[in-house]
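Please find below a short note for a first-year reader, set out as numbered points. It should be read with the sequence and the structure in view.

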Amino acid sequence: MNAPAPAPVTAAVTAAVTADDVTRLIVGRCLEYPETRLYEDLPALRAVLDEASPEAAALLAGFLDHVAATEPLDLCAHYTATFDTRNRRCLYLTWWADGDTRRRGMSLVRVKQIYREHGLRYADEELPDFLPVVLDFAARRPEAGTGLLEEHRVGLELLRLAVAAADTPYAAVLEALCTTLPGPSPQTREEAKAMARKGPPQELVGIDTALEPFGARIDLPWPARPVVKGTSERPSA
């Protein structure tokens with residue numbers, strides 16, 4: 001039996017939920033495949049923008065305006081064209097370090113284990129490293145979720161830079177997400193490379209084109225809505 005979907009978006013946000021939590025929840029909704037649900041949630045998403053930081057709220061408000069002005073089929077087509085591995089704009093975080101290799105399978109198992117250790121188990125309708133799933137976890141378990149995002153910081157920044165270069169409204173969504181991470185974001189791929197060198201050794205698919213793990217150009221499954229098992233101790237925004 002499928003587990004229940006995450007709680008619907010509401011305008012009520014308790015004091016226990018921080019501005020970064022709200023930003024991550026909104027970003028996660030915006031980065032899911034834009035089905036009818038996104039359009040249905042637009043009023044509630046707008047209602048909680050004031051609970052995000054001013055910088056993130058301004059970025060996300062512009063994107064939500066774009067959604068409202070765009071036909072659903074057009075937005076779906078644009079989403080599919082924007083997020084794929086061939087253009088190095090991948091929403092699956094372990095792909096940036098592991099590509100489509102055996103090592104990535106172990107990384108996915110580890111992400112699932114982190115979820116379990118913090119009382120949440122995600123159903124298998126979507127890979128556990130799919131960015132909206134990670135953001136849902138980060139909003140529910142901020143300390144562990146922030147650690148997971150920071151672990152994949154270089155991949156996130158490379159994704160942000162690649163999406164910005166594609167001149168798409170989704171660039172604002174990734175920029176809003178990166179405002180929730182400590183320190184300044186790199187402004188160029190060279191700065192992202194430097195960030196990678198300062199961290200633990202890793203093979204980043206998105207950094208150089210000369211070498212890639214096997215299968216790096218294979219499209220990954222398109223996203224289904226994240227499904228969570230277990231009760232969150234923190235309310236969804």
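The points below concern aromatic pairs, two helices that meet, and two single residues.

1. The model is predicted, and every remark in this note should be read with that in mind. Within the model there are 8 aromatic pairs. One of them is formed by Tyr115 and Phe137, whose ring centres lie 4.7 Å apart and whose planes make an angle of 50°. The pair counts as tilted, because an angle that is neither under 30 degrees nor over 60 falls in that class.

2. This pair joins distant parts of the chain, its two residues being 22 residues apart. Tyr115 belongs to helix H6 (residues 102–117), while Phe137 belongs to helix H7 (residues 131–140). Are these two residues buried or exposed? Tyr115 has a relative accessible area of 1% and is therefore buried. Phe137 is also buried, because its relative accessibility is 0%. The cut-off applied in both cases is a relative accessible area under 20%.

3. Ring pairs also build a cluster, whose members are Tyr33, Phe63, Tyr79, Phe83 and Tyr170. Phe63 and Tyr170 deserve a second look, as they appear again where H3 meets H10.

4. How do the axes of helix H3 (residues 54–68) and helix H10 (residues 170–178) cross? They come within 8 Å of each other, at an angle of roughly 155°. The two helices are therefore roughly antiparallel, since angles over 145 degrees are given that description. The crossing of H3 past H10 is left-handed.

5. Which residues bring these two helices together? From H3 come Ala56, Leu59, Leu60 and Phe63. On the side of H10, the residues are Tyr170, Ala172, Val173, Glu175 and Ala176.

6. Arg37 lies in helix H2 (residues 36–47). Its relative accessible area is 16%, so Arg37 is classed as buried. The side chain of Arg37 makes a polar contact of 3.2 Å with the side chain of Glu32.

7. Ala19 is located in helix H1 (residues 19–31). With a relative accessibility of 30%, Ala19 is partly exposed, because this class lies between the limits of 20% and 50%. Leaving aside residues up to four places away in sequence, Ala19 touches Glu51, Ala52 and Ser53. From Ala19 to Ala56 the C-alpha separation is 9.1 Å, although 37 residues separate them in sequence. Ala56 is also one of the H3 residues that meet H10.

Technical notes
Residues are numbered from 1 along each chain as its sequence is written. This is a predicted model: local features need pLDDT of at least 70, side-chain atom pairs count only at pLDDT 80 or more; totals for chains, interfaces and linings use all residues. Side-chain values use heavy atoms; hydrogens and water are left out. Rings of Phe, Tyr and Trp (its six-membered ring) pair if their centres lie within 6.5 Å; planes under 30 degrees apart count as stacked, over 60 as edge-to-face and the rest as tilted. Helices (H or I, at least four residues) and strands (E, at least two) are DSSP runs, numbered from the N terminus. Buried means under 20% relative accessible area, exposed over 50%, partly exposed in between (1.4 Å probe, protein chains only). A polar contact is a pair of N or O atoms within 3.5 Å; within protein, one must be able to donate a hydrogen and the other to accept it, and residues adjacent in sequence count only if both atoms are side-chain atoms. Axes are lines fitted to C-alpha atoms, for helices over the stretch in contact, and angles run from 0 to 180 degrees between N-to-C directions. Angles under 35 degrees count as roughly parallel, over 145 as roughly antiparallel, 65 to 115 as roughly perpendicular and the rest as oblique. A crossing is left-handed if the near helix is turned anticlockwise from the far one by less than a right angle, and right-handed if clockwise. Contact means heavy atoms within 4.5 Å.
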